[in-house]
Amino acid sequence: MSFDKAPRSNRIHIAILGRMNSGKSSLINTLADQDVAVVSPMAGTTTDIVYKSMEIHGTGPVVFIDTPGVDDDSLLSEARVARTMRAINKADMAVVVVDAKLGEGEPEAQLYSCLERKRVPYIVAVNKTDLCDADCVLCDGAGASGEGDAPRVCVSARTGRGKEELLGAISRLAQSVGGLGEGPPIVGDLVSCGDMVVLVIPADAQAPKGRLILPQVQTIRDVLDHEGIAVAVRIDQLRQLFADKDFLPRLVVTDSQAFGEVAPVVPESVPMTSFSILFARHKGDFELLVEGARAIEGLEPGDVVLISEACTHHPIEDDIGTVKIPRLLNAKVGGELRYEWQRGGDFPEDLDRFKLVINCGGCMLNRREMCSRLEAVADAAVPVTNYGMAIAACLGILPRALRPFAL
Ligand SMILES: Nc1nc2c(ncn2[C@@H]2O[C@H](COP(=O)(O)OP(=O)(O)OP(=O)(O)O)[C@@H](O)[C@H]2O)c(=O)[nH]1
Ligand SMILES: [Mg+2]
């Protein structure tokens with residue numbers, strides 16, 4: 001990823017939904033002025049969700065999510081519905097594409113009610129209006145667009161008709177939902193002008209060669225944006241800094257895997273936390289995750305724990321999810337827990353088998369998707385936490401790592 005672009009997780013996510021062949025992929029191509037999505041007269045061309053990032057004037061960076069179409073039959077097809085639901089779970093807003101010739105029916109009604117239930121605001125784009133003889137009745141709002149008054153725009157992906165109107169409607173909706181996709185800042189509210197924040201960035205085997213990882217980059221950006229001073233150090237350099245008794249930064253943020261080494265170096269009087277705890281607050285339901293971490297105290301040998309990673313990186317030696325966390329948890333519990341792992345995609349259906357779910361930091365997920373994942377676990381009444389908090393809890397330093405935040 002190049003750093004001149006907004007990371008995908010920071011963009012407004014716009015799901016493009018609708019029946020098969022309604023012209024979803026074509027519309028994305030028209031909006032983006034590029035042939036990015038595969039289009040064909042065959043129904044069911046798009047089979048998985050596809051992302052297209054672009055800038056919309058007046059809205060900023062967005063990412064369109066092209067989805068497999070739904071229709072009467074495919075609504076019954078679980079795999080397609082699961083993919084469409086995944087797109088809706090990520091979406092800050094949606095565009096429902098209706099084929100002007102076919103009008104609205106059951107598939108649209110189901111999409112509208114799903115979006116309303118999930119409180120995802122949407123626009124109805126009546127497409128293929130180049131094929132309509134007279135003025136399209138669907139555009140006048142005669143169709144059934146659910147309970148809300150979703151804006152309607154008549155478009156033609158083929159001729160470009162309505163393109164500017166649709167972009168305008170997207171912009172207005174983005175403004176009206178303003179901040180929907182945003183949580184609390186990463187660290188901005190913890191630093192004042194001129195405050196120094198020390199970021200501990202280990203140079204171990206897991207550190208990617210030649211670059212920083214996304215949470216580190218975003219934290220540095222946020223410190224600078226809030227007039228703070230970001231100082232990035234390795235652990236040995238941290239020791240050197242604190243050798244000077246007068247060194248009193250505003251905050252120390254460490255990679256959670258280095259908690260054990262960092263905590264004894266940082267004087268008690270200096271607030272300390274981890275990147276994953278900052279991001280738990282920024283992206284997810286902080287209190288839910290804290291509660292989940294506290295539930296580690298109640299685990300007993302033999303309990304089943306689900307470890308869930310949002311992306312599918314290849315596990316390396318001493319991998320955090322498969323090796324480090326199980327080792328720490330077993331030591332904490334004083335016996336073997338049973339682990340199951342899940343990578344990418346969706347949670348297992350029968351979540352209530354688990355005594356605890358531990359999520360990765362979800363650096364590739366946006367806030368909305370992270371919150372949907374947490375909700376699914378919370379609905380099953382299973383405690384849920386993330387890697388960093390679980391590590392802090394196992395090492396007995398969770399209270400300290402939470403002290404910088406008023407809970
Ligand atoms: N006349 C006309 N044809 C269109 C328009 N938009 C799309 N089409 C055609 O409709 C067909 C389906 O378009 P796609 O963009 O692949 O539709 P889709 O909704 O992505 O379809 P799936 O991926 O199969 O769900 C193609 O043959 C397009 O050329 C339009 O505005 N006018
Ligand atoms: Mg398509």
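**Entry 1: Glu336**

I looked up what Glu336 touches. Leaving out residues up to four places away in sequence, Glu336 is in contact with Pro301 and Asn330. The model is a predicted one, and I read every value here as computed from it. I placed Glu336 in the loop between H10 and strand E12 (338-343). I then checked whether Glu336 is buried or exposed. Glu336 has 12 C-beta neighbours inside 10 Å, and exposed means 12 or fewer, so Glu336 counts as exposed. I also noted the pair Glu336 and Pro326: ten residues separate them in sequence, and their C-alpha atoms are 8.7 Å apart in space.

**Entry 2: H10 against H12**

From that loop I went back to H10. I described its packing in the usual terms: for two packed helices these are the angle between the axes and the distance between them. Helix H10 (residues 320-333) packs with helix H12 (residues 387-394) at an angle of about 30°, and their axes are 9 Å apart. This angle makes H10 roughly parallel to H12. I recorded the crossing of H10 and H12 as left-handed. On the H10 side, I listed Ile320, Ile325, Leu328, Leu329 and Lys332 as the residues making the contact. On the H12 side, the contact is made by Tyr387, Ala390, Ile391 and Cys394.

**Entry 3: H9 against H12**

Which residues of H12 meet H9? I first took the geometry: the axes of helix H9 (residues 286-294) and H12 come within 9 Å and cross at roughly 35°. The crossing of H9 and H12 is right-handed. H12 contributes Met389, Ala390, Ala392 and Ala393 to this contact, and H9 contributes Leu289, Val290 and Ala293. Ala390 appears here and also in the contact of H12 with H10.

**Entry 4: H12 itself**

I asked how many residues of H12 are buried. The count is eight of its eight residues, and H12 is mostly covered. I wrote down the buried residues as Tyr387, Gly388, Met389, Ala390, Ile391, Ala392, Ala393 and Cys394. After H12 comes Gly396, which has a positive phi, near 75°.

**Entry 5: positive phi outside glycine**

I noted two residues here. Asn21 is a residue other than glycine with a positive phi, near 70°. I found Asn21 in the loop between E1 and H1. Asn21 has 21 other C-beta atoms within 10 Å and burial starts at 20, so Asn21 is buried. Lys128 is another non-glycine residue with a positive phi, near 65°. Lys128 sits in the loop between E5 and E6. I counted Lys128 as buried because 24 other C-beta atoms lie within 10 Å.

**Entry 6: H4**

I turned to helix H4 (residues 163-176), which has 14 residues. From first C-alpha to last, H4 reaches 20 Å, close to the 20 Å expected at 1.5 Å a residue. I then asked which residues of H4 are buried. They are Leu166, Ile170, Leu173 and Ala174. These residues cover an arc of only 105° around the axis, so they lie on the same side of H4. On the other side of H4, I found Glu164, Gln175 and Ser176 exposed.

I last looked up what covers the buried residues of H4. Among the helices and strands involved are helix H1 (24-32) and strands E1 (12-18) and E2 (50-56). The cover also includes strand E4 (93-99), strand E5 (122-127) and strand E6 (152-154). E1 and H1 are the elements on either side of the Asn21 loop, and E5 and E6 those on either side of the Lys128 loop.

Note on methods
Residues numbered from 1 in each chain as written. Chains lettered and ligands numbered in written order. Predicted model: local features only at pLDDT ≥ 70, side-chain atom pairs only at ≥ 80, totals over all residues. Helix = DSSP H or I, 4+ residues; strand = E, 2+ residues; numbered from the N terminus. Expected span 1.5 Å × (residues − 1). Arc of directions from axis to C-beta. Contact = placed C-beta atoms within 7 Å. Axes fitted to C-alpha atoms, helices over the stretch in contact; angles between N-to-C directions. Parallel < 35°, antiparallel > 145°, perpendicular 65-115°, else oblique. Left-handed = near helix turned anticlockwise from the far one by under 90°.
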